[in-house]
Amino acid sequence: MSDQPFNQHNHGGHTPYPDDHTFILAQSLMIRTAPEWTALATPPQTLPAGTLVHYVDHVTTGHYRYVKTTEGTYLPTADLTTNTVFGADSDPTVSQVPNQTPVVGHRYAMNGLFRVTRKTLAEHSAPDFNAPVSRTFKRGATLPYVAKYRTAHHGWLEISHAEGGNGYVPFIRYVAGIAEYWGREKTGSKGVTRLIEPWTYTHPETITTTEDPRQSLVPTTDEKTGFDQLAAKIAQVAASDTVVIGLINDTHLDSYNTAQSANTLHDLKALSYFAKNYGLDALVANGDLNDGVQTLDRTILDIDRAVTALKTSDTPFFITQGNHDDNSGFARYENGYRVDQVLSNVAASNLRNRHASASQIRPQTSELAFYGKYRVPHSPVSLILLRYV
């Protein structure tokens, strides 16, 4: 089989996905009036995770990169010293591929209530016992927190102060692999003692197989041979008006769990490479694109990686809803219905539907729905996508 596609996109043609100058927040971010970390709007304004923001420019000052929004305000998009990204940037030239964050020192944004059962717990100015103590809580005190941290032998709650600033309270100690909790939690509608803590899902070893989703696949010799063989089989039965659709499902992409769960990004890039270079008319990611057992910020970044990889296909593609795609594995079943960690329909729509082809399949009944139909141009074929319930 030669390098020539078997149908050369006779129907829809290539669909380039240019930068649409949008940024999708992976965590809640406060609006800045200038590209400076301390230049907070007055009164403070916070945008929730999943929000899509249109911007006009990028600005880098100090340790941070910002976008200037169409309203003239600024949002931080990345911490350049730690290679931490705060959301999904549509511009591939400035978007970063974050390193696998280590267990120790990562901030997990989440809301909850913690009721102290130890005699006393001290609040520190940083997640460090050597940091100054600002106040002490007695048994029975209820602490609303906005994030969690893991240090070498302790877990910490981040407490937001009404007057500004944050404090840090230790809530769990690790001794020889055994967790000792110093209170009880209420998340959603459930009061629990032991949750699946977010760092449990971080693979203890560095995941070295994570790829850059912005870069098209460079196939190995074996992969190229496999692509050629598949194209030859399709060509044997294809007519001039044949419509060929690529289907993939249950990739369960998870960049933070194991090398295997991270490597499914390679599968998406392989499908995109085949679609672009051998002439598929459309692609469908049919549910469970991501695994849904990470915190919301990591889930949003994983979905962005998957969508970015599919965009390299230059082919219309569509993503349906599976039972893992709303992050329910982490948010509902293993963390006491932690509602702030569920991926909303708005956030999911922003992530999946910001590329051009999505507008062709959105049903008129709801712009947030993940079902509908798509008519392949210059052919009698339509794709009908149904929502998983």
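**The hairpin of S5 and S6 and its neighbour**

Select Asn83 first: in the hairpin of S6 and S7, which has four residues between the strands, Asn83 takes a positive phi near 60°. Strands (E, at least two residues) and helices (H or I, at least four residues) are DSSP runs, numbered from the N terminus. This is a predicted model, in which local features need pLDDT of at least 70 and side-chain atom pairs count only at pLDDT 80 or more, while totals for chains, interfaces and linings use all residues. Residues are numbered from 1 along each chain as its sequence is written, and side-chain values use heavy atoms, with hydrogens and water left out.

Next, select S6 and S7. Two bridges join these antiparallel strands, and Ala78 has Val85 in S7 as its bridge partner. Strands count as paired if DSSP finds at least two bridges between them.

Now add strand S5 (residues 64-69), which runs antiparallel to S6 and is joined to S6 by five bridges. Val67 and Leu75 are bridge partners here. The hairpin of S5 and S6 also has four residues between the strands, and Gly72 in this hairpin takes a positive phi near 90°.

Is strand S6 enclosed or open to the outside? Six of the six residues of S6 (residues 74-79) are buried, so the strand is largely enclosed by the rest of the structure. Buried means under 20% relative accessible area, exposed over 50%, and partly exposed in between (1.4 Å probe, protein chains only).

**The whole antiparallel sheet**

Extend the selection to six strands, which form an open sheet in the order S7-S6-S5-S4-S1-S8 with antiparallel pairing. Strand S7 (84-85) and strand S8 (87-89) are the edge strands, each pairing on one side only. In general, strands of a sheet pair through backbone hydrogen bonds, either parallel or antiparallel. At the S8 edge, S1 and S8 pair over three bridges, and Leu25 stands opposite Gly87.

**Two aromatic pairs and a cluster**

Show the rings of Phe, Tyr and Trp. Such rings pair if their centres lie within 6.5 Å, the six-membered ring being used for Trp; planes under 30 degrees apart count as stacked, over 60 as edge-to-face and the rest as tilted. The whole structure contains 16 aromatic pairs. Select Trp37 and Tyr64: their ring centres are 4.3 Å apart and their planes are at 20°, so the pair is stacked. Trp37 belongs to the loop between strand S2 (29-30) and strand S3 (46-47), whereas Tyr64 is in strand S5, 27 residues apart. Trp37 is partly exposed, with a relative accessible area of 36%, while Tyr64 counts as buried at 19%.

Then select Tyr149 and Tyr168, an edge-to-face pair with 5.5 Å from centre to centre and 75° between the planes. Tyr149 lies in strand S12 (residues 142-150) and Tyr168 in strand S14 (residues 166-175). Both are buried: Tyr149 has a relative accessibility of 14% and Tyr168 one of 10%.

Finally for the rings, select Tyr108, Phe114, Phe171, Tyr174, Tyr181 and Trp199, which form one aromatic cluster.

**The parallel sheet and the cores**

Move to S18, S19 and S20, an open sheet in the order S18-S19-S20 with parallel pairing. Its edge strands are strand S18 (245-248) and S20. The twist averages 15° from one strand to the next. S18 and S19 are joined by four bridges, and Leu247 stands opposite Val284. Helix H3 lies across S18 and S19, running at about 175° to S18; such angles run from 0 to 180 degrees between N-to-C directions, and the axes are lines fitted to C-alpha atoms, for helices over the stretch in contact.

Which residues have the most contacts inside the largest nonpolar core? They are Leu268 and Leu343, in a core of 40 residues. A nonpolar core is a set of buried Ala, Val, Leu, Ile, Met, Phe, Trp, Tyr and Cys residues joined through side-chain atoms within 4.5 Å. Among the elements giving two or more residues to this core are helix H3 (264-278) and helix H6 (345-352). A second, separate core of 21 residues includes Phe114, Val169, Trp199 and Phe330.

End at H6. Six of its eight residues are buried, so the helix is largely enclosed by the rest of the structure. The cover over these buried residues includes strand S1 (22-25), strand S4 (52-61), H4 and S20, where contact means heavy atoms within 4.5 Å.
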